[in-house]
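Please read the points below with the coordinates open beside you. They go through a few local features in turn, and each can be checked against the structure shown here.

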Amino acid sequence: MRLLFIADGRSPIALNWITYFIDRKDEVHLVTTFDCSPDLDFASVDFVPVAFSQAKKNEPLGSRGNRREGLLWSSSLVKLRTSIRRILFPLTIPSAVNQLREIIAEIHPDMVHALRIPFEGVLAARALRETNNPPLIISVWGNDFTLHAGATPWMKSYTKQAMARTDGLHTDCHRDLRLAYQWGYRDDRPAIVVPGNGGIQTDLFYPPNDYSSSRSNTVINPRGVRSYIRNDTFFAAIPHVLARLPQTKFICPGMEGEIEVQKWIDKLEIGSAVELLPNVPRAEMAELFRSSAITVSPSIHDGTPNTLLEAMACGCYPIAGDLESIREWIEPGVNGSLIDPADPVALAEAVINALGNLELRQKSAEYNRVLISERAEYQSLMARALEFYQPFIQNK
């Protein structure tokens with residue numbers, strides 16, 4: 001197959017999905033909306049900026065491997081930056097569409113797959129709106145509908161246009177498949193529900209050999225700094241936990257050097273209990289999950305978070321925001337806890353209860369091991385994705 005993916009080429013979620021087809025020796029091309037050089041064997045890589053993504057430069061690596069960001073792209077401005085990109089991105093569409101059309105004409109792919117709606121799916125739908133060839137697949141990631149689609153009149157219009165042009169749809173939760181029909185996706189067209197990264201590679205993300213006491217007091221928040229993650233709730237919960245369980249440790253990948261995070265830590269005087277880490281490789285993240293008792297995800301918008309499934313695969317007890325999409329994976333009291341992501345006391349109580357109940361965590365870990373094996377294993381799910389692709393290739 002000759003496949004063209006349109007994605008943020010820095011995204012481990014996108015690259016995990018794409019890697020399956022590169023490993024199959026398909027001819028895989030990438031249009032990335034951020035300037036980067038993924039370490040995969042692509043047939044070609046083209047950079048097409050959209051929504052001012054060219055403003056994010058490839059800065060030199062910091063001392064621990066994390067990139068230094070300019071002020072505009074610092075996490076402290078994530079909400080402002082997101083708002084600006086939503087409002088002004090239509091200005092960038094015409095030139096990006098022209099670039100993409102030229103690339104499609106040159107590559108002549110069997111299929112185009114855009115990984116998420118804003119802004120890659122919008123770009124692909126606009127570039128292909130006057131033709132049915134090649135077929136277009138769009139992936140819907142966690143908050144594409146619930147957070148972004150209705151944010152501005154332009155976003156509403158472009159999301160509807162994208163759903164109308166899409167020949168096949170991939171969502172990472174059943175909730176978003178339901179919402180896709182409300183946004184204009186035709187119910188006579190095919191769809192598949194699979195985690196955004198294609199599932200969990202269980203040879204990398206697996207539970208420890210034994211549930212040792214070294215896991216008993218460690219909590220990990222793997223979500224980093226995002227506009228839809230209530231990290232203010234997470235850090236505000238920590239003093240409540242420490243008041244009852246003072247030996248508890250909290251580790252936070254992707255938060256090293258974040259000014260806003262450090263302000264919370266200093267204000268709450270919890271520095272001795274919190275370790276901030278840079279973004280870490282997937283193998284190291286798996287080890288962090290295996291060394292932690294609990295994973296926390298205080299999100300107000302989500303589909304199926306990949307880090308949540310990875311943590312569950314590694315035996316972590318999950319505590320997450322009470323969202324419809326998360327209930328597709330977590331049954332409260334059985335294999336995790338769901339809380340109001342705006343309530344630090346509720347989050348603290350859930351952490352305290354789980355840390356104090358080893359039997360609950362052990363039963364949850366076994367339940368989730370089977371759940372991941374049956375519903376989220378990478379190779380079996382990507383085989384389904386390949387089957388999903390086949391009719392589009394054959395009918396082209």
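1. The model is predicted, and within it strand β1 (residues 2-7) is joined by four bridges to strand β4 (residues 111-115), the two running parallel. In this pairing L4 stands opposite V112 of β4.

2. Strand β1 also pairs with strand β2 (residues 27-32), again in parallel, and here six bridges make the connection. L4 has a partner in this strand as well, since it stands opposite H29 of β2. Taken together with helix α1 (residues 12-23), β1 and β2 make a β-α-β unit that is right-handed.

3. How many of the six residues of β1 are buried? Five of them are, so the strand is largely enclosed by the rest of the structure; buried here stands for a relative accessible area under 20%.

4. Helix α7 (residues 174-182) has as its buried residues R175, D176, L177, L179 and A180, a list that includes residues with charged as well as nonpolar names and that you may wish to inspect individually. The cover over these buried residues includes β5 (136-140), α5 (144-149), α6 (153-165), β6 (168-171) and β7 (191-193). After α7 comes G184, with a positive phi near 110°.

5. On the surface, I84, I87, L88 and L91 make a nonpolar patch of about 370 Å². Of these, L88 lies in helix α2 (residues 78-88), and because its relative accessibility is 35%, L88 counts as partly exposed.

Key:
Residues numbered from 1 in each chain as written. Predicted model: local features only at pLDDT ≥ 70, side-chain atom pairs only at ≥ 80, totals over all residues. Heavy atoms only, no water. Patch = residues over 30% accessible without salt bridge, like charges linked within 9 Å, V, L, I, M, F, W, Y side chains within 5 Å. Areas by Shrake-Rupley, 256 points an atom, 1.4 Å probe, with all protein chains shown as cover. Salt bridge = Lys/Arg side-chain N within 4 Å of Asp/Glu carboxyl O. Buried < 20%, exposed > 50% of the residue type's maximum accessible area, 1.4 Å probe, protein only. Pairing = 2+ DSSP bridges. Right-handed = clockwise from strand over helix to strand, strands pointing away. Contact = heavy atoms within 4.5 Å.
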